[in-house]
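Work through the exercises below with the sequence and the structure open. Each task is followed by a solution in steps.

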Amino acid sequence: MEIQKQFVALETIVVKEVRRFSRIWVQTLLPPAITVALYFVIFGNLVGSRIGEMGGFDYMKFIVPGLIMMSVITNSYSNVVSSFFSTKFQRSIEELLVSPTPNHVILIGYVLGGVARGLSVGFIVTCMSLAFAELHIHNWLVMISIVFLTAVVFSLAGFINAVFAKSFDDISIVPTFILTPLTYLGGIFYSLKMLPEFWYNVSLANPIVYMVNGFRYGILGVTDVSLWLTYGMIFLFIVVFYSWALFLLNRGAGIRS
Amino acid sequence: MTAALVVKDLHKVYKGGFQALKGISFEVQQGDFMALLGPNGAGKSTTIGIVSSLVNKTSGIVEIMGVDIDKDFSLAKKSVGVVPQEFNFNQFEKVADIVRTQAGFFGIEKEQAEERAEKYLKLLALWDKRDEVSRNLSGGMKRRLMIARAMVHEPELLILDEPTAGVDIELRRSMWEFLVELNKQGTTIILTTHYLEEAEQLCRNIAIINHGEIVENTDMKSLLRKLDSETFVLDVVNDVKEVPAVEGAVLRLVDSHTLEVDLRKDQTLNPVFQQLSLDGIDVKSMRNKTNRLEELFVGIVENSVEK
């Protein structure tokens with residue numbers, strides 16, 4: 001397929017994905033906004049006022065980057081996993097498989113769809129956070145690049161989950177038992193420096209720690225881990241997940257008999 | 001001229017060891033209208049699945065418009081449109097969006113995709129339903145939507161897997177007309193169907209597959225010539241009480257106004273009509289008792305099982 005036609009196919013997949021999550025905005029865009037608003041009110045305002053400062057900032061300000069990142073991670077993942085699994089379930093994936101669209105275009109299309117939802121929710125949550133805390137962006141480039149690349153990582157992870165999933169239960173196992181614990185233990189609500197040495201070292205094995213801290217650096221200018229290590233981890237995950245997802249797609253795992 | 005489809009020694013063994021295809025080979029020439037028939041589970045859908053890339057083959061060669069799918073499946077797929085047996089579009093999307101999106105998957109620019117969607121939705125009498133969510137369509141409309149979707153990139157080879165299943169007679173006939181017209185314009189068509197009357201009326205060539213093997217592959221006329229005898233049903237005006245005797249023909253009385261006549265292929269109906277006329281019996285109408293192809297199909301499939 002010629003490059004120009006590949007772009008048309010890519011645009012088609014992305015538009016289809018954006019149309020899908022926009023059509024069901026009550027399920028996709030509204031719930032994360034409400035959830036995060038509750039976090040802001042309860043943890044930021046009510047509990048946070050008694051906690052005092054963390055990382056040199058008042059608690060509300062400290063948790064804002066983490067909460068935005070949590071929304072981006074959850075939504076980019078769940079968009080791809082639910083959308084791709086639904087197309088498998090309804091067999092509408094066959095529309096794509098019978099077309100000459102190359103597998104890498106299919107993968108990138110779904111990933112960009114996930115990124116679009118992750119960033120849309122991230123934008124909504126950021127706007128809401130302005131009602132609770134005053135934000136001065138420390139480094140726009142770091143903030144935007146980290147949030148975009150993180151959305152890519154979790155969109156790819158969602159795609160892999162969807163390829164293996166055989167039932168709707170399978171698409172909720174990873175978010176419930178892996179993604180949520182890693183996110184909550186990823187330094188959203190606390191600074192890693194508060195932890196005893198053992199748990200500090202254990203936390204460094206959690207990739208979400210790097211993403212949350214990288215994003216926090218972009219907004220507040222503080223981080224518990226090296227920024228270069230953050231970028232290194234993110235790129236490593238992108239390369240590994242992309243190669244894995246493309247390998248599965250080329251093999252037709254879960255989609256071709 | 002390059003064949004529209006070449007299938008050589010195609011094998012498919014599914015996980016678990018089920019051998020769906022046991023080395024089938026056949027060719028479909030450009031411009032042909034071919035029927036691929038066989039009982040349920042014979043291997044028709046597996047064959048179509050391999051040609052349309054929904055099923056991975058175990059071994060063998062498939063060439064579409066001269067392009068080997070192992071060498072450039074992407075190029076080969078441009079020439080194929082597939083109408084599957086089951087509804088496989090997003091039930092929550094609008095009719096026009098489904099067709100336009102499919103055009104996009106084939107790299108067709110937005111403006112042209114709009115034009116093509118309009119053209120095929122109008123041809124298949126779905127233009128009025130373009131903004132309807134697809135799950136609200138009737139079964140027949142959904143089938144036509146799948147044909148419009150398969151045609152939007154104007155493929156040279158169109159494969160239809162039981163396109164008229166569950167479609168009422170009127171609609172089925174309008175779909176036949178559409179397919180005949182499409183074939184006249186040069187589109188090669190492969191059709192699987194359980195309505196053998198449909199295959200007999202539409203198709204010039206026929207391949208019968210059973211237990212993963214091709215058991216017949218010929219043109220429709222040659223196949224129909226293989227019939228040894230035929231049974232005709234005569235509706236008569238008069239009240240018939242006794243079966244008329246006609247030399248060389250076997251007549252039966254079904255009821256007082258219906259006769260059945262068995263004739264060998266080399267016999268004519270003239271002696272039957274002459275005798276009936278002499279007996280003062282007037283024939284109102286006449287028809288074949290069973291579909292001719294159906295008779296042959298059952299015989300071929302039964303023979304292949306016995307072998």
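The exercises concern a predicted model, and they go from domains and sheets to single residues and the contact between chains.

**Exercise 1. Domains of chain B**

Task: State into which domains chain B is divided, and how many Å separate their centres.

Solution:
- Step 1. The assignment divides chain B into domain 1, residues 5-224, and domain 2, residues 227-306.
- Step 2. Taken over C-alpha atoms, the centres of domain 1 and domain 2 of chain B are separated by 37 Å.

**Exercise 2. The sheet of 6 strands**

Task: Give the strand order of the open sheet of 6 strands in chain B, and explain why its edge strands each have one side without a neighbour.

Solution:
- Step 1. The order in this open sheet of chain B is β6-β7-β8-β3-β9-β10, and the pairing is mixed.
- Step 2. At the edges stand β6 (80-83) and β10 (213-219) of chain B; each has a single partner strand, so one side of each is left without a neighbour in the sheet.
- Step 3. On average, neighbouring strands of this sheet are turned by 15° against each other, direction ignored.
- Step 4. For the edge strand β10(B), look at its pairing with β9(B), residues 205-210: the two run antiparallel and are joined by 6 bridges. Within this pair, I209(B) stands opposite I214(B) in β10(B).

**Exercise 3. The sheet of 4 strands**

Task: Find the strand order in the open sheet of 4 strands of chain B, and name the bridge partner of V7(B) in β4(B).

Solution:
- Step 1. The order is β2-β1-β4-β5 in chain B, with antiparallel pairing.
- Step 2. β2 (19-28) and β5 (67-68) of chain B are the edge strands, and each pairs on one side only.
- Step 3. Strand β1 (residues 5-13) and strand β4 (residues 59-64) of chain B run antiparallel and are joined by 5 bridges.
- Step 4. V62(B) in β4(B) is the bridge partner of V7(B).

**Exercise 4. Helix α1 of chain B and V51(B)**

Task: Which strands does helix α1 of chain B lie across, and is V51(B) buried or exposed?

Solution:
- Step 1. Helix α1(B), residues 44-51, lies across β3 (33-37), β6, β7 (157-161), β8 (188-192) and β9 of chain B, and runs at about 145° to β7(B).
- Step 2. α1(B) also lies across β1, β2 and β4 of chain B, running at about 115° to β1(B).
- Step 3. V51(B) is found in this helix. Within 10 Å of V51(B) there are 26 other C-beta atoms; the cut-off for a buried residue is 20 or more, so V51(B) is buried.
- Step 4. Not counting residues up to four places away in sequence, V51(B) touches L5(B), V62(B), I64(B), V80(B) and I159(B).

**Exercise 5. Two positive phi values**

Task: Where are S53(B) and E154(B) placed, and how many C-beta atoms lie within 10 Å of E154(B)?

Solution:
- Step 1. S53(B) is not a glycine, yet its phi is positive, about 75°. Its place is the loop between α1 and β4 of chain B.
- Step 2. S53(B) has 23 C-beta neighbours inside 10 Å and therefore counts as buried.
- Step 3. E154(B), also a residue other than glycine, has a positive phi near 50°. Its place is the loop between α5 (139-151) and β7 of chain B.
- Step 4. With 17 other C-beta atoms within 10 Å, E154(B) is partly exposed.

**Exercise 6. A hairpin in chain B**

Task: Describe how β12(B) and β13(B) pair, and name the bridge partner of V250(B).

Solution:
- Step 1. Strand β12 (residues 250-255) and strand β13 (residues 258-264) of chain B pair in the antiparallel sense over 5 bridges.
- Step 2. The hairpin that joins β12(B) to β13(B) passes through 2 residues.
- Step 3. V250(B) has D262(B) in β13(B) as its bridge partner.

**Exercise 7. Nonpolar cores**

Task: Which residues of the largest nonpolar core touch the most other members, and which helix gives the most to this core?

Solution:
- Step 1. The largest nonpolar core has 145 residues, of which V111(A), F159(A), V99(B), A148(B) and I159(B) touch the most other members.
- Step 2. Helix α4 of chain A, residues 59-90, gives the most to this core, with 16 residues.
- Step 3. Another core, of 6 residues, lies apart from it and includes V240(B), L259(B), V261(B) and L276(B).

**Exercise 8. Contact between the chains**

Task: How many residues of chain B are in contact with chain A, and which element gives the most?

Solution:
- Step 1. 25 residues of chain B are in contact with 22 residues of chain A.
- Step 2. On the side of chain B that touches chain A, α2 (69-77) and α3 (95-105) of chain B are the elements that give two or more residues.
- Step 3. α3(B) gives the most to that side, with 4 residues.
- Step 4. By class, that side has 9 nonpolar, 12 polar and 4 charged residues.

Methods:
Residues are numbered from 1 along each chain as its sequence is written. Chains are lettered from A and ligands numbered from 1 in the order in which they are written. This is a predicted model: local features need pLDDT of at least 70, side-chain atom pairs count only at pLDDT 80 or more; totals for chains, interfaces and linings use all residues. Two strands pair if DSSP finds at least two bridges between them. A nonpolar core is a set of buried Ala, Val, Leu, Ile, Met, Phe, Trp, Tyr and Cys residues joined through C-beta atoms within 7 Å. A residue is buried if 20 or more other C-beta atoms lie within 10 Å of its own, exposed if 12 or fewer, and partly exposed in between; C-beta atoms are placed from the backbone. Axes are lines fitted to C-alpha atoms, for helices over the stretch in contact, and angles run from 0 to 180 degrees between N-to-C directions. Two residues are in contact if their C-beta atoms, placed from the backbone, lie within 7 Å. Ala, Val, Leu, Ile, Met, Phe, Trp, Tyr, Cys and Pro count as nonpolar, Asp, Glu, Lys and Arg as charged, and the others, Gly among them, as polar. Domain bounds come from an automatic or database domain assignment.
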